Structure formats: structure tokens, C-alpha cells
Amino acid sequence: MVKKIIASGVTRPIMRRSFLKAAAAFGFAGAFPAILIRSANAAGTPTVVNSIRSLSNPYHATWNKGGAAFAKAVGAEYVTLVTEGNSEKGIADIKAILAKTGGNCVINIDPNDSPDARPIVEACKAAGAYVVTQWNKPADLHPWDFNPNYVAHISFSGVPYGKAMAAALIKSMGGKGGIVALGGIESNVPAIERKAGLMQALKENPDVQLLDMQVANWSGKEALEKTNAWLTQFGEKIGGIWAANDDMALGAVEALRADGRAGKVSVTGIDGIQLAVEAVLKGEMAGTVAWDPYWQGGMGLAIAFAAKTGKFDPSKEPKEHREFYGTGVTITSENAQTFYDANIKAEPKLDWNDIWGRASGQIQYN
Amino acid sequence: MTTPIEQITKRQPQPKRIRRWRVATWAPLMVLVLLCIIVTFINPNFLSFGNLVRITQSAMIPLVLGIGATFIVLMGSIDLSVEGVVTLSAVILSMLVLNGANSNNLGVLAVPIVLFIGSAVGFINGLVHVRLKVPSFMTTLGTWFIALGAANALLGGMSTRINDPFIRGLAVVRFMGFPWGVWLALFCLLLALIIQNYTRLGRYIYALGGGEDLAALSGISTFTVRIATFTLAGAFYAVGGILAAAQLGLGNAQIGTGWLFTTITAVVVGGTSLAGGQGGVLQTLVGVLIVGVLSNGMVLMGVPSSVQIGVQGLMIIAAVALSIDRKLNRIVK
Amino acid sequence: MSEGSAESVLSLVNVHKRFPGVHALKNVSIEVRRGEVIGLVGENGAGKSTLMKILSGVYQPDTGSIKIAGQATQLESAADANRKGIGMVFQEQSLLTNLTVGENIYLGNEAQFTRFGIVNWKALYTAASRQLEKIQVDVDPSLRADDLDFATRQMVELAKALTLEEHASDHLVILLDEPTSVLEQAEIDVLFARVRSLKSRASFIFVSHRLDEVLDLSDRIYVMKDGAVVADLVAANADVNTLHHLMVGRSLQSDYYREPLQKPYRDEVVLEVDGLSLDHAYKNIGFKLHAGEILGIAGVIGSGREELARTLVGFAPHSSGSLRVLNREVHLMSPAEAVDMGIGYIPRERRVEGLVLFLPVSANITLAGLEKLTRHGLIDTREERLLATRWVERLRIRTPSINTLCLNLSGGNQQKVVLAKWLNANVRILILDHPTRGLDVGAKEEVYELVRAVTSEGVAVILTSDTLEETIGLSHSLLVMRDGEITYRADSEPGNKPSQIEIIGHMV
């Protein structure tokens, strides 16, 4: 069974509270308008639609900003759909927007769960809308089987970035010592991939010892508790902490701070959220990886929009433009300031016409 | 007073001492001690001062939340709004004190505001529960999401870094070796003990837990007691929110996630009956420590992550099974 | 005992059963023979219910044995009793009203109609019809139970009990626990006719308060008193008077109800009721209650006396008429208001409504009067302990300490704690709702003494009781209610108390 793939560590699936899951979605549906319409626009220009899990985590909030920026750049009406972790709601909202626009729309979606991608793509094809999916889709669902409407699927491989962060951590420790690792929910694909990257890095650095690895379920709170226990168990032996996402990394930093050791033990995360970048600037974290959700939210729409408006014909594009890995930005103390100034302090400036600029190879399915 | 009653001196057999030594009352404490012994045996570092401080640090938030929840559970109700109130309090606090997102700098003044907001959510819980006769389970489920939604709306999904030295100090600055947050939690415990043992509200909470009709028949305004108790619990959750924000150094819409489970577990494991009427905040302290020592100890003992959550589940069942006095459940006529 | 020629199908031998503070069954032995209808009579608290619960597997005896067809056995549970051929028809209707008659009859025994987890409803309903035919009841088994009247439901229960024939190897024994209490006379006749016609299939144990019915239906009668079987009579040789005498066990002992302690009440009127009515409950009730007076209200279920008591404690506000407490016109909307007016309530379910079982004796005593003990928002626990100690001494509450949980007290002492609670709150009027229910004789007598004592201090009491004898014995004045109205008033002075027969005549 394909488990939920969590794009960002920020949103935890409701494992222990699954009995309340349906109620949760219900509650949220009441708390948020399902469809946030930003501005009305001239008929003819396709409506641009982002469908994401929620607006309550920094990752998707930034994604949404990117989408809004792109819509503004092309003068299109912009709609945000929020699934709140409920696949049925996600699919129903998409069908509603397809009906409302008569198919004159482009959709950039982070499907709540892999199986959701198929009915969504089929609905878009039937309505004549153009769609780009990110992160989650079944392995046997391919854009080229739904020409031209299913324009592309974008994902990020966790392996190279998990490895890059481990490398940055090891480098900051001077190439030797003991580390501990905080993993995401064990069944999540990103958690598995990032961990695989960590293991590769460890194999290449025999002087570094993995003291322990614990699952902290993407949560800063749990990471703080695990780190606390490690500080007792391993004490000075801990030279670095590798975390599979930024929230857990920041939790570890706070545990170190309460112990008076923040900045003395290296910590790395992945995701590139603002607080993590700031922590890198302050020297409390050794690095993180920015997926650039701003790019994901805007460029996903830009690719679909270009196809919809006839700028290119998806069916004539090579497969490495149809199912590709995006490029993450590795942030360490060397480039943190530059990244911060360009992407966080100021509104990021992206060239919406450079649609293949970050395509780095066709996705491999095992 | 002339007391003809005192003339009644007939048939005075020895007082029957039916009181028996009840394992149930002491089971949680014994479990805690046993747990400490086992963990120490496997990893003597457990008893180091540094680790004790770390356990108290991780226990301070569940303790404060558990205190609030204990009062609710004693009444025979349940409160699911813990995470909502914690999140809302932490988010509002992070926006009022010196922070990385706006220019507010209310400092300590933000604390009463946050306490007020927590109490207000609790008050609404009580009012809806009592006036509209909505079961507390559903009422607080609703306010949980309303409070979460409000927190989302306020922050738009971003995290706010807290730079206020007083708030951060709760987690970082120490007094006699323990962070100030731990002392704050202990102060809350003291306050709760006074409320529980020395105020009418405390007594009436037990009476309500013993039976709603019975309390009413004793002349207690059950509506007022219920509303007051939910309000009180809301205030404690707000303190929990402040501590959570202090500990992570930020406020965001996820900060409350997971606390409901921990809180209810601690209350129940401590021996407060979900049926109401039995238990108290000291029991919850024991429950919090059991949960804290167990999760700390499992890492110290090198228990695999995948097993840990299962062990926690087993512990809940075991603790509740130990606390229930089956002999009491016989029907006595 | 008479040597019956018929074989014994069920017997209890030397059974004891104790609950905290109550020796509920004392050395009870009974025998049920094939085809017999056994009558079981006794006052409330005599042990009938406990006995029935042992026979139906709900309780297990502490000592003694149960024999079925001469073989010693144990009844682990109601289901186990069912398997061994003991069926029950309860006083409280035990049909699930949201299920159909057929579903009810085979509830828990659907397995025989089930193939691969699917219930063959047609077969079940056919079988249910057959069961109903056995007792000649013409009911469509696909009707929901709540579509039937009470009498028919009773028949369905009987039919349900008879399904036990299908799996129990032995002769059936069916327990009929107060089956007639909600039935009209014609319906009772039908029920009795069915029971008689079923004697070839089953033996019956029939419990009822209506002695004439017991005499009518039974072959043999066991009389219980204070947990023991005091007589085993052949019904044909007994009459109502004999039975009653055996049940009560004393020719009206005036001493039992502390009549010598009954003092004349005072002139002060504490409660005055005039034209008081509550829709569908009671109408046009009028009486005066004086300080120190015990006013007994007699009446059967449905007479309106329960509702009247509920009005006085604030649970059921009256719809018209006048209610004056201490010369103030009031309309009691909640129990809190009643308590404020100085009205205390001692409920029949004291474990549920009278006491907080998990609070200590001291906290229970002060529960209704905490305002007096509160200084600057905090309870003065020293003062509380002093007060509680005083009450424990005054009322002779037998408790290891004032910190003992009320849970651990015997029934009589629990009742005294409830009384102490109200005396501590300085109530002027006490509503006693079946105050001695479930108490054994000794405890009852203590409660009587206490009631006498509090009235001599000027507290007024309104009493509703399980037994008419108790009502008459304790009261200064009597009201008899029927169908919501007062049908009779009587003074009840010591030495000149009205007879039960006289009162019953106005009750029904």
C-alpha cells in the first residue's frame, strides 16, 4: 500500500488520532473556506489553481505565495484548494473547480495521497484542463499516457540531499566523531530516501559513528524529547545531529539550548524553512536543503499554463521533461546569507519562462 | 443545643472495618518506582542530575496540561480542546512578545492576555456544554478545531520566532539547577492542590463526578461548577501553551500537536477515573512522570523507535487495568 | 417439609449471601418440584431479589449449594443459568424495544438460524411464531416490541423464556419477578391461565407483592423475612392474613417504630400547600406541615406521591397552585433553590443520589453547607474536621475515621451521613424517599430513632416509604393518594394509629 508521502516534515499525519481524522477534516472544512478566490479576471485567461494539503505549515504557505506570484505575473485568476489531509475533499474540490471553469484552468497539485493522482488526472483530461502533479503519484501513472493534459510530474529525490546534509554535518565536525539521527515517519518515502542518503554518507566516512537513530515523526516536540534523552545517554559523545527535516532539527537545537550546548553541537535539517535558514545564519545549524516551495507553487503552474496556452506541446517533450526531479538548494553557512536575502527577505524573483531550468533527470522507479 | 440525638446509645457493635488496602490507589506510584529502578539498572546515567533536569523539563508541559484535564475528568467530562488552546495560546503569545515577525513587545504583559484567551475558550466550552447540552466530547472537539483554525488564520501557516528574553528564559534560564518553566509548573501544581483541597469549587468537582443529580440535590449549582471548571482548565492549557512556546522558542500552528494524547494518558495512567469522582492532581503528577520516565527510559535503554509507541499503548491499558477496582463494580443492593 | 412425590428440579441448600453491612440471605433452602408453581413473598429487603439473582446466575452464593435435578451445580452467569434451563421474566421489562418480537425472542441465540454469518430471518420469524403459538399469543413476530402493550410484551417474554426448551435438556424453571405489577386484572387472568397451562413443560417461581395473586397462582409458598425463609406453606392451606403475619413477623410492635418517642408537633407551619397541581402527575393537593411533624404519604406507583416529592425538592416545578415554605410563596425551579429554602432530600438510591462515594465522610457531611466553612475563598479544613467529628459522634456514625471514604460504610451508616449532611446545612424540612430501603432490621431501627430525634428538634419530615406499616408507624399524620389526588387524611397518634386495611382501602 502506498502510504502518504509527506512533502514537508511540518505536517504530521494523524497517526494516533486517526479516529478523529474524519472529524478533523470536517472541522477544518468549516474553519476555512475551501476555495479562496483572489481576484476576478478577464474571461479567456485560464484560471490557475493550486491544490495543497493545508495553509497551516510554512512549506505549503510558501508554495501558495509562489502560485499567487505567478498568477499575478500572467494576470490570471488564482484559486487555492486545501485538502486538509482528506483525499475525498481534495478530489471533490478539483471536480468542482473543473465544473466551474468549464475546464479552462490549469492545476498544480500536491496530491494528498498517491492514489488520488489518477482520478484527478482523469477528471482533468475529461474536462480539458492541464495538470502538473508533484511529490505523489502511483508509479505506473505517467504523463505521456494522458497527452496533452497531464503535462508533467515533479518530485525530489531524498537520497542525494540526505547525503549532502550528512556530508555537511560531518564536515562541520571535522570528519570524525559520533552522531545521532532523527528520522521521519518510517513508512514515508521521503523519510526512507533521506535516511538512505545518510547511510551512504556514513559508509564513505568510517570515522563517523552513528550512535543511535530514532523516529521523531517529523515533530519538533518529539525531536526535543529524543534529543534530551540522548544528551543523558551519550553526553559529550554527540558531535552532530542529523535530522530528516527542519522542524526536528529545530527541536534538537532547542534541547541543546536548554542544555547550554546550542551552537556547539552541529545540527542539520532538510526543507529550508525560514527559521532553519536563520538558524544556519546564527551558526546553530550546519545546513539545510531548500526545495523552494515558492518555485514549486509557481513553476508547476507556469509549466501547465505554458502548455495550456500553446507555448509548447507536452506530447513532443522528452520524458525527462515529463517526469523529472527538481533541484534543491543546499544551504550551509557559506551561502545562507545570499539565499536569505534573495528568497526570504525579498520576494523571490523567478523567471516563469524558464520552465525546465531545474529539471535534473527523469524519475527512476524501482 | 439540646440533643436528644445523643441519647441514642443502643446497639453499638464495633465499627466494621471494611476498609481494605487498595492496590489500585498505589499502583501508579509503584509502577513509577519500578520503572525508575529498571531504567537505572540498565543505564545508571538515568539518575544523573542532568537527566533528572531533562525529565522535569519534558514533564513540565504535560503536568500543567494534565492538571487542567484532571479537573475536567474528575467531573466525569472529557476535554479534547487541549491542543487547540495550547496552539492558540502559543501563537498569540509569539505575536505579542518580542518576536521575529512583527514589532510587538509586550513582554510579561502578554502572559495575562494569553491566560485570558485560554480561559475564554474554556468558558465557551463550559457554556456550550451546559447551556446547549452538547456532550463535552463534541463541544471540546469543536472548540479544538475552532482554536486551531484561529491560530492558522493569525499566522497564515508561518512560524514566529520568539526573541523575548523572559519567555525564552522559562526554558533556558535556571534557578537551583532547574529551568524557570519547571518552577512555574510546580507553582501550577500547588495552586491546583489548593483549588482541589481547599475550595468549594474543588469539592464540588468531586461531587459532580460522583453524580450530577446527587450534586444538584445537595444544593450545588452544577451549571456554574461546570462552566468554572472548564474555564479553569482553559487557563491551565494556556500556561501549557506558554511553556510550549518557550521550549521550542517559536509559535506555529503545529505546536500543540500530540499533546492531547500525552495529557489524557498522563491523567488516566495516574489513576484518575474517566468515570469521574476519583483521582486528583497529585495522581496526575505521578502519571506525567510515568509517561516521561518511560519515554526517556526507552531511549536510554535503546528500545527501537518502532516498539516505543506500542509500549506506550500497552502501558495505558496496564495502568488502567491496575487502577480499576473490580470489586467495586459488583452490584450492591 | 412435606415429602413431595414429584422429583425436585431445582433446589438451594443452606445458601448464605453477604454484602457490606447486610447479611442478605441467611441459610436459605428452597426446593422446586416438577410442574410446581412456587410463590415467594416477603417485605422489601427480605431477600427476595437477592434470591432471584442467585437463581438467575447474577450473584453467586457465598456458601451453600445449588442443585439442578439433584445434581450440585453452579450458575456462573445469566447465560449459564439459561443453558441450564432457568428462564426469567422480569418486573422491569427486559425486551429491547427497538428490536422486533422475533429478534427479541431469539436474542443471543441466532446461531441456529445462521449460515456463514448470515441470519436466515425467515426461519427465525417462523420459529418465533411457533414459540408464540405455544402460549397462544397472536402477535406478528416482525412487529417492534415498542408497538406492543405491556401485557403482550410480558407474554413475549414468557415465549422467550420457553425457547430454553430447545437447548436445555432438563425441565425448565421460569422465574416470574413481579410480572403483574404493570398489568390490568384481565391481563393478569390471561397470564395466569398461560402459566397454569404450561405447568407440564415448566415449573415456576412467582414473586409478587400482591398476596392474593400469590395464593391464587401458587401451589406452594415460601415466606421470607430479613434474609431467611420463615415458612413453607401449601397455598391451599394459607390465607392473606397468615402470609402477612409471617412476613412482618410481629403483631404491630409499637416499639419498633419508636412510637413512645413520637412527640406532638409544634404549631409553627413550615410548609403550606394549597391547590398544588402538576399536569399528568397530581392535582389539587393541599396540606400543612408543622415543625416537628412527620407526614406520611401513602399511595401505589402512579398515585402521584413520587412526583409530589420531586416537586418539593425542586426537580419538577408545579404548574399551578400555591407552595409556601416558611411563609414565603415559592416556585422551586431547581434542587439548589429547594436547598436554599431549607429543604433537604434523602433519596432512595443513596449510593447514587445521596452520597459521593469517593469522598470521605467529612466532605460528605459538609457538602451542602460549605458556605459556612469558607473563609477568603478557602475551606477551613480544621473547622470542617471538627464539625464532621461532632456529627459522627452525635449520630453515632460507625466509621473508622472521618477520612474514610463513604464507599466503605454500611448502608445504615451511609444513611446517617446523608442525614448529617442535611442537619449540618440546617434544613427545616426533610423529604425522606424510602429511607430504609435495602437496610437490615437493625439499621432500620437506628434510622427510625434518628428520624424521631430530628423531629423532636423541630425538623419537619415528609415520608414516602416501601411499606405501609412503616409509613403508619412513623407518621404524625397520613395522606393517602390515588390517581394524583388526596383520597384520605388521617391522624396517626401513638396508640391510636389507623390500620393498614383502612389505608389500603383508599389507595386502590
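A nonpolar core is here a set of buried Ala, Val, Leu, Ile, Met, Phe, Trp, Tyr and Cys residues that are joined through C-beta atoms within 7 Å. The exercises below apply this notion, among others, to a predicted model.

**Exercise 1. Identify which residues touch the most other members of the largest nonpolar core, and state which helix gives the most to this core.**

Step 1. The largest nonpolar core has 289 residues, and those that touch the most other members are A:Val131, A:Ala252, A:Ala304, B:Val64 and B:Ala245.
Step 2. Helix α10(B) gives the most to this core, with 16 residues.
Step 3. Apart from this core lies another, of 66 residues, which includes C:Val101, C:Leu198, C:Phe206 and C:Val207.
Step 4. Taking B:Val64 by itself, and not counting residues up to four places away in sequence, one finds that it touches B:Ala185, B:Cys188, B:Phe236, B:Val239, B:Gly240 and B:Leu243.

**Exercise 2. Describe how helices α7 and α10 of chain B pack, and classify the residues of their contact.**

Step 1. Two packed helices are described by the angle between their axes and the distance between the axes.
Step 2. For α7 (residues 180-198) and α10 (residues 222-248) of chain B, the angle is about 170 degrees and the axes are 11 Å apart.
Step 3. Angles over 145 degrees count as roughly antiparallel, and α7(B) is therefore roughly antiparallel to α10(B).
Step 4. On the side of α7(B), the contact is made by B:Gly181, B:Leu184 and B:Cys188, which meet B:Phe236, B:Val239, B:Leu243 and B:Ala246 of α10(B).
Step 5. Sorted by type, the residues of this contact are six nonpolar and one polar, with no charged residue.

**Exercise 3. Determine how many residues of helix α9 of chain C are buried, and find what follows the helix.**

Step 1. Helix α9(C) spans residues 305-312 and is mostly covered, since six of its eight residues are buried.
Step 2. The buried residues are C:Arg305, C:Glu306, C:Leu308, C:Ala309, C:Thr311 and C:Leu312.
Step 3. Just after α9(C), C:Gly314 takes a positive phi of about 95 degrees.

**Exercise 4. Summarise the fold of chain B, and then the confidence in chain A.**

Step 1. The secondary structure of chain B comes to 13 helices and four strands, and buried residues make up 56% of its 333 residues.
Step 2. Among contacts in chain B with a separation of 6 or more, 78% join residues 24 or more positions apart.
Step 3. Chain A has a mean pLDDT of 85, with 88% of its residues reaching 70 or more.
Step 4. Over residues 1-42 of chain A, however, pLDDT stays under 50, although the model has 89 contacts beyond four places in sequence for this stretch.

Definitions and conventions. Residues numbered from 1 in each chain as written. Chains lettered and ligands numbered in written order. Predicted model: local features only at pLDDT ≥ 70, side-chain atom pairs only at ≥ 80, totals over all residues. Axes fitted to C-alpha atoms, helices over the stretch in contact; angles between N-to-C directions. Helix = DSSP H or I, 4+ residues; strand = E, 2+ residues; numbered from the N terminus. Parallel < 35°, antiparallel > 145°, perpendicular 65-115°, else oblique. Contact = placed C-beta atoms within 7 Å. Nonpolar A, V, L, I, M, F, W, Y, C, P; charged D, E, K, R; others polar. Buried ≥ 20, exposed ≤ 12 C-beta atoms within 10 Å, placed from the backbone. pLDDT = per-residue confidence, 0-100.
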